[in-house]
Amino acid sequence: AELGLPENVCINGVDGAWRWIEAAWNESSYNAQSPDWQTITGTLVLDEDDDSIFQQPEPAVTAAIRVKLTVPDSPPTVTTETLPGGTIGVAYSQRLFANGTEPITWHVTAGELPNGLNLNEATGEISGTPTAVGTATFTVKAKNSVGSNTKELSITIAKPQQYGKVSMDDYVYGETPSTPSLTDRTGNGSVTYYYTTTNSNSGGTKWENIQADTLNAGTYYMYAELGEAENYDSFTTACEKFRVLRAMPTCTKPTGLTAIYGQTLADVKLSNPEGNLDGTWSWMNSSESVGNASTAAKKFKAKFTPADTTNYNMVENIELEVLVNKADQAALTIQGADSVVYGQALTLTTTGGSGMGAVTYRIDTAHSTGEATIDPNTGVLTPVKVGSVSVIATKAGDNDYMVAAELAAMFQDKQGGVF
């Protein structure tokens, strides 16, 4: 057999008899790569003579043998081909490997390990915390009782990555801009802030000399570039969104507004007082009636629309004061005959006018050549002397209308007794 296992085994019977019997070993269970003890089982091969002497019990008797692979001592061969890089300030640990008979010891025979790293001679572990940037090239020797082997290796130590998160608050257009800052900061490189209108941390505009009105209202993104330092690489942060909010305009209200009874707010024109932000005033409901005349100003709601709607909000429901004055009445006309016979009476009436005021009549003696009397309330005119008489009809004003008056001339026929 390839493993050199015995072809026969000695079998002892229960009655003391014994005999050498051939054994068939199951070598397929053997693991040639294992250095541990292994058990191999075998089956007894009984011939006719053996059958006449032994009887197999149930279960059948089997053979077993323990084997262990032994190899001659061999010198080490370093199998580590490369070593990973490290970072300043970050713990490093990497083991060297070699084939060959243990124990194997390790040494650096040429060059030096990176600053901060050490080699464990018993385990081959390189460990520590790097303290300087650069690539260290060195030669390691693996040695045992039979021989030794060397391998040139290198470890590159890099600067650690800086890190930071930008923090930026919203601010209102026209007010002092917010100041960006960094949180979760590592490293000590220079910091330069940039802003952009897209969520991209490249190609932005440097955040410097930013005034209250530098940026229009809108959405922006802020990021920072952390410059390379002695022990840190450069780094660009992620973007942080911030907004420049539209401002609420402060403005002087229009004053001295007047209206006439019967008008709507559309008849009351609004102008923007001098010194205000450019914009226009308008009524919230221009079809609203101004209502009755009043000696006290009334309040109506208006809105201010700035010319710059990008950066300023519209302001609504601003109360403006309007003084509503009485309206002029419609034309008042005296109705009646143009003449009257002396000794008779003439009744005058009026048409037109406005409002609820009463109509009264009187003789305008300054413009009359005749004489007459007239009832101030009924308008009944009675001639007294032949000639022309001027009559004035007056319609009184009320809460909403001014006083209205009408002048009429009457003639009297001297010969015919017509007044």
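At 9% relative accessibility, tyrosine 220 counts as buried, and this residue makes a handy way into the predicted model. Tyrosine 220 forms a stacked aromatic pair with phenylalanine 242, with 5.8 Å from centre to centre and 25° between the planes. That pair links distant parts of the chain, since tyrosine 220 belongs to strand S19 and phenylalanine 242 to strand S21, 22 residues apart. Phenylalanine 242 is buried too, with a relative accessible area of 0%.

The ring pairs in the model come to 10. Another of them brings tyrosine 195 together with tyrosine 220: the ring centres are 6.3 Å apart and the planes stand at 75°, so this pair is edge-to-face. Tyrosine 195 sits in strand S17 and tyrosine 220 in strand S19, so the pair ties together parts that are 25 residues apart in sequence. With a relative accessible area of 13%, tyrosine 195 is buried. Ring pairs join Tyr195, Trp207, Tyr220 and Phe242 into a cluster. Leaving out residues up to four places away in sequence, tyrosine 195 has a busy list of contacts, including Gly204, Thr205, Lys206, Trp207, Ile210 and Leu215, along with Tyr221 and Met222.

Several of these names come back in the largest nonpolar core, which has 19 residues; Tyr171, Tyr195, Trp207, Leu215, Met222 and Phe242 have the most contacts inside it. Two or more core residues come from each of strand S17 (191-196), strand S19 (218-226) and strand S21 (240-245). Strand S19 gives the most, with four residues. Apart from this core lies another, of 18 residues, among them Ile88, Trp106, Leu113 and Leu153. As a rule, nonpolar side chains in soluble globular proteins tend to be buried together.

Turning to charged side chains, a search of the whole structure finds three salt bridges. In one of these, lysine 151 meets glutamate 81, with the closest N and O atoms 3.5 Å apart. Lysine 151 is in strand S13 (residues 148-158), while glutamate 81 is in the loop between strand S5 (77-78) and strand S6 (86-87), 70 residues apart. The two partners sit in contrasting settings: lysine 151 counts as buried at 18% relative accessibility, whereas glutamate 81 counts as exposed at 54%.

Glutamate 228 and lysine 159 form another salt bridge, their closest N and O atoms being 2.8 Å apart. Glutamate 228 is in the loop between S19 and strand S20 (235-236), and lysine 159 in the loop between S13 and strand S14 (163-167), so the pair ties together parts 69 residues apart in sequence. Here glutamate 228 is exposed, at 54% relative accessibility, and lysine 159 is buried, at 17%.

The side chains of aspartate 170 and arginine 243 also meet in a salt bridge, at 3.1 Å from N to O. Aspartate 170 lies in the loop between S14 and strand S15 (171-172) and arginine 243 in strand S21, so this pair ties together parts 73 residues apart in sequence. Aspartate 170 is partly exposed at 33% relative accessibility, and arginine 243 is partly exposed at 40%.

Further along the chain, four strands make up an open sheet in the order S22-S25-S24-S23, with mixed pairing. Strand S22 (257-260) and strand S23 (279-283) are the edges, each pairing on one side only. On average, neighbouring strands of this sheet are turned by 45° against each other, direction ignored. S23 and strand S24 (residues 298-306) run antiparallel and are joined by five bridges. Tryptophan 281 stands opposite phenylalanine 304 in S24.

Note on methods. Residues are numbered from 1 along each chain as its sequence is written. This is a predicted model: local features need pLDDT of at least 70, side-chain atom pairs count only at pLDDT 80 or more; totals for chains, interfaces and linings use all residues. Side-chain values use heavy atoms; hydrogens and water are left out. A nonpolar core is a set of buried Ala, Val, Leu, Ile, Met, Phe, Trp, Tyr and Cys residues joined through side-chain atoms within 4.5 Å. Buried means under 20% relative accessible area, exposed over 50%, partly exposed in between (1.4 Å probe, protein chains only). Contact means heavy atoms within 4.5 Å. Two strands pair if DSSP finds at least two bridges between them. Axes are lines fitted to C-alpha atoms, for helices over the stretch in contact, and angles run from 0 to 180 degrees between N-to-C directions. Rings of Phe, Tyr and Trp (its six-membered ring) pair if their centres lie within 6.5 Å; planes under 30 degrees apart count as stacked, over 60 as edge-to-face and the rest as tilted. A salt bridge is a side-chain nitrogen of Lys or Arg within 4 Å of a carboxyl oxygen of Asp or Glu.
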